[in-house]
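Reader: I should be grateful for a close look at one part of this model, namely its sheet and what packs against it. Please keep to what can be read from the structure itself.

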Amino acid sequence: MRRARPGAGSTGSRGSAERALTSVAAGDAYEGRAGESAEATAEPTGDPEQGPRLWHITLSVSGAEAPLTEVRRGLEQLAHDHPFLLTSRYAVDHAEIRYWEEARDLHDAAAVALRLWGEHRQTSQLPPWEIVGLEVIDRQTYHHRIAEGFGPLPATPVGVHPF
């Protein structure tokens, strides 16, 4: 039996309206955790029955040059509308957004990240750039990289900054 994500087998171009992404309900495993203590849920083991996990997202976008003031204002508006954003770096033709996402698995975290720029381009008046890079790593991998001196530097200072 062949398994595929919903819409993956559809004919048509990528990004067509036929392939609109939808959210997935958390299910009983997540709802059952509501009464547990914070200590018991602090570091998920990766067991799918454990519910959502934290994922570190780095989204890179690029396109035609735009005035720096407009890019900054758009990223600041995005950060205001969605306070989960840790840091954004920008230049006239590219930007990088880093944040933590809570999701059941890597596929869900990546799907949300890939929608972020397009869904908020109008409301935040972001440049019409395309996504050119996406990195999604779990919390344990992120902290391991930092401890080893590799990977993305900790997102400090928090906020919107030029490259």
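How many bridges join β2 to β3, and do these strands run parallel or antiparallel?

Author: β2 and β3 are joined by 5 bridges and run antiparallel. The model is a predicted one, in which local features need pLDDT of at least 70 and side-chain atom pairs count only at pLDDT 80 or more, while totals for chains, interfaces and linings use all residues. Residues are numbered from 1 along each chain as its sequence is written, and side-chain values use heavy atoms, with hydrogens and water left out.

The protein has 4 helices and 5 strands (DSSP runs numbered from the N terminus: helices H or I of at least four residues, strands E of at least two). Their order from the N terminus is α-β-α-β-β-α-β-α-β. Strands β2 and β3 form a hairpin, with 3 residues between them; within this pairing, Thr87 has Arg98 of β3 as its bridge partner.

The hairpin belongs to an open sheet of 5 strands, ordered β4-β1-β3-β2-β5 and mixed in its pairing (two strands pair if DSSP finds at least two bridges between them). β4 and β5 (159-162) each have a single partner strand and stand at the edges, so one side of each lacks a neighbour in the sheet. From one strand to the next, the twist averages 15°. On the other side of β3, 10 bridges join β1 to β3, and these strands run antiparallel; there Leu54 stands opposite Glu102 in β3. β2 (residues 85-90) and β5, by contrast, run parallel and are joined by 4 bridges. Tyr90 is paired with Pro162 of β5. Of the 10 residues of β3, 7 are buried (under 20% relative accessible area; exposed means over 50% and partly exposed in between, with a 1.4 Å probe and protein chains only).

Two helices may be described against this sheet. α3 lies across β1 (53-62), β2, β3 (94-103) and β4, at about 150° to β4 (axes are lines fitted to C-alpha atoms, for helices over the stretch in contact, with angles from 0 to 180 degrees between N-to-C directions). Helix α4 (residues 139-148) also packs on the sheet, where it touches β1, β3 and β4, and its direction makes about 90° with that of β4.

The buried residues of α3 include Ala109, Ala113, Leu116 and Trp117. In general, an α-helix has 3.6 residues a turn, so residues three or four places apart point the same way. The buried residues of α3 pack against α2 (68-81) as well as β1, β2, β3 and β4. Leu114, which also lies in α3, is partly exposed, with a relative accessible area of 44%. Residues up to four places away in sequence aside, Leu114 touches Ile131 and Leu134 (contact means heavy atoms within 4.5 Å). Although Leu114 and Ile131 are 17 residues apart along the chain, 7.6 Å separates their C-alpha atoms.

Between α3 (106-120) and β4 (130-138) comes a loop that holds Ser124. Ser124 is buried, its relative accessible area being 0%. Its contacts, leaving aside neighbours within four places in sequence, are Arg73, Gly74, Gln77, Leu78 and Asp81.
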